[in-house]
Protein chains: 2
Amino acid sequence: MQVAATAVGGGLPVPPMEFCQLKATETIRPADDPHTRNKRQQILEAAARQFSACGFHGANMRDVAAAAGVLAGSIYYHFESKDALFVAVHGAAIDMMTNAVRAAVAGIADPWDRLEEAAAAHCEALNGDSAFVGVIAPIFPVTIGALRSQLTAQRDAYESMFSDLIGKLELEADIDPKIFRLHVLTALNGTKFWYGPGGMAPSEIGRQLIRMLRRRATRDPGIV
Amino acid sequence: MQVAATAVGGGLPVPPMEFCQLKATETIRPADDPHTRNKRQQILEAAARQFSACGFHGANMRDVAAAAGVLAGSIYYHFESKDALFVAVHGAAIDMMTNAVRAAVAGIADPWDRLEEAAAAHCEALNGDSAFVGVIAPIFPVTIGALRSQLTAQRDAYESMFSDLIGKLELEADIDPKIFRLHVLTALNGTKFWYGPGGMAPSEIGRQLIRMLRRRATRDPGIV
DNA sequence: TACAACCTGACAAACGTTTGTTCAACACAT
DNA sequence: ATGTGTTGAACAAACGTTTGTCAGGTTGTA
């Protein structure tokens, strides 16, 4: 299936994107690079935008196709099904976020600092300009049923990074690391639904969350 | 279309997992109170279950009807449209949660205690046995577009309760109360997606979150 | 060089199903 | 007999998917 972790356009231009209906209106060639670019990649990106804005059920293949400058049927040359397309987008998003977080914590020693950077990177990627990661958060609603196992498999590796990060924290005894991780991750993902440009920067929002927890949650006797 | 396990390149066979499909299988009378009870109410409850499990787009009127022991057409006697049905469910859910939270904080003086109880009540209602509140969390994905303004209007009153609660906290200067509220609320709502019976009780999960934040976030000189 | 065979990516139209919704007819109280 | 509630069939639109086709490029062979 080769999810194409590959470089899935980190910084490509994201269209106006207002809510759901990015309707099929215009089939304009994305002046960007007309035909040279892999059609598969364009479909993947269009699908990311559509899924991200409308959710799985809300998005439809025709709009995805139109946004990619292709007819609906053509998608099936590259992807087996709508399900498979979604899994591919989701996988690409996870890969991007994994890389972002890994890069962010590299070279940092202090466990809390590492978590803070990870949170900042997560938040920034999630609310950044790549449509891909947009599918990460809204998936929760298990609307998808049959896909669930595949998606959780993709997520597991990512979330285990946070498990490791949190495992190094030496939390106080009354704090369950698992609950801690889940609360942090869901709060971080939740930003996708309320963050808007003009306010605090995404990375700063992520940092704030960790700072809110930092002093309280540590058992460092010098601080508490 | 039969999604089935159909490969999806990933290879792994997808388990039955009938998450969404609370399919129309059984039309059993909800022994509860067969026909005395308002049919409208039964439809409302069935819709809550369906929307909660499948999301807005994922749920369909026929399954809702079957779950309510009714035919699809009958719904339209009580509700104008699928949209209206959803708004009704959402409104009922907000009402229930508002009552739960209001009752939980009644008679408690300390601001942090009040917030803790509110969080516990929110979490408990959200993961409790009433299907209604299930629609609260997954709505975030703005999948719904046109309904958005109606839903946010319903939410505003509820969220302002938390604003008030948090406004009384006297947070440290470097903590933005709005960010604080949003993080708390989204983390709380997030429990809907990972909470499972057998683990920590929902109310305790909610409490834990506030306790994680409590000491750090206060400027009480006696503690920090 | 020439030509046939094949592969690739995409097209356009259609298929069968599911969806939200409507509506005339019907039941059964009052 | 009137009104309230329900039915069951039907509808048009939208959906995911399948199909048959095709131009253009690449490869293999003579």
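**A chat about DNA strand C and some helices**

Visitor: Hi! Which residues are closest to DNA strand C?
Guide: Hello! In this predicted model, 16 residues surround DNA strand C, and the closest are Lys39(A), His78(A), Arg62(B), Tyr76(B) and Lys82(B). Of the strand's atoms that come within 4 Å of the protein, sugar and phosphate account for 50%.

Visitor: What kinds of residues make up that surface, by class?
Guide: There are six nonpolar, six polar and four charged residues.

Visitor: And which helix gives the most to it?
Guide: That is α3(A), with four residues. At least two residues each come from α3 (72–78) of chain A, and from α2 (61–67) and α3 (72–78) of chain B.

Visitor: Cool. What lies by the phosphate oxygens of DNA strand C?
Guide: One example is Ser74(A), which has a polar side-chain atom 3.3 Å from a phosphate oxygen. For Tyr77(A), a side-chain N or O atom is 3.1 Å from a phosphate oxygen of the strand. Over in chain B, Ala59(B) has a polar backbone atom 3.3 Å from a phosphate oxygen.

Visitor: New topic! At what angle do α4 and α5 of chain A pack?
Guide: The angle is about 145°, and the axes are 8 Å apart. Here α4 covers residues 82–105 and α5 covers residues 111–127.

Visitor: Is the crossing left-handed or right-handed?
Guide: α4(A) passes α5(A) in a right-handed crossing.

Visitor: Which residues meet there?
Guide: From α4(A) you have Met97(A), Ala100(A), Val101(A), Ala104(A) and Val105(A). They meet a set from α5(A) that includes Arg114(A), Glu117(A), Ala118(A) and His122(A). By class, the contact has nine nonpolar, one polar and two charged residues.

Visitor: Where is Ser203(A)?
Guide: Ser203(A) sits in helix α8 of chain A. Between Ser203(A) and Ala118(A) there are 9.4 Å in space, C-alpha to C-alpha, although they are 85 residues apart in sequence. Setting aside neighbours within four places in sequence, Ser203(A) is in contact with Ala120(A) and Glu124(A).

Visitor: Is Ser203(A) buried or exposed?
Guide: Ser203(A) is buried, because its relative accessible area is 14% and buried means under 20%.

Visitor: How about Gln208(A), buried or exposed?
Guide: Gln208(A) has 7% relative accessibility, so it counts as buried. Its place is in helix α8 (residues 202–217) of chain A.

Visitor: Which residues does Gln208(A) touch?
Guide: Not counting residues up to four places away in sequence, Gln208(A) touches Met200(A) in chain A, and Asp174(B), Ile175(B), Asp176(B) and Ile179(B) in chain B.

Notes. Residues are numbered from 1 along each chain as its sequence is written. Chains are lettered from A and ligands numbered from 1 in the order in which they are written. This is a predicted model: local features need pLDDT of at least 70, side-chain atom pairs count only at pLDDT 80 or more; totals for chains, interfaces and linings use all residues. Side-chain values use heavy atoms; hydrogens and water are left out. Axes are lines fitted to C-alpha atoms, for helices over the stretch in contact, and angles run from 0 to 180 degrees between N-to-C directions. A crossing is left-handed if the near helix is turned anticlockwise from the far one by less than a right angle, and right-handed if clockwise. Contact means heavy atoms within 4.5 Å. Ala, Val, Leu, Ile, Met, Phe, Trp, Tyr, Cys and Pro count as nonpolar, Asp, Glu, Lys and Arg as charged, and the others, Gly among them, as polar. Buried means under 20% relative accessible area, exposed over 50%, partly exposed in between (1.4 Å probe, protein chains only). A residue is near a molecule or strand if one of its heavy atoms lies within 4 Å of it. A polar contact is a pair of N or O atoms within 3.5 Å; within protein, one must be able to donate a hydrogen and the other to accept it, and residues adjacent in sequence count only if both atoms are side-chain atoms.
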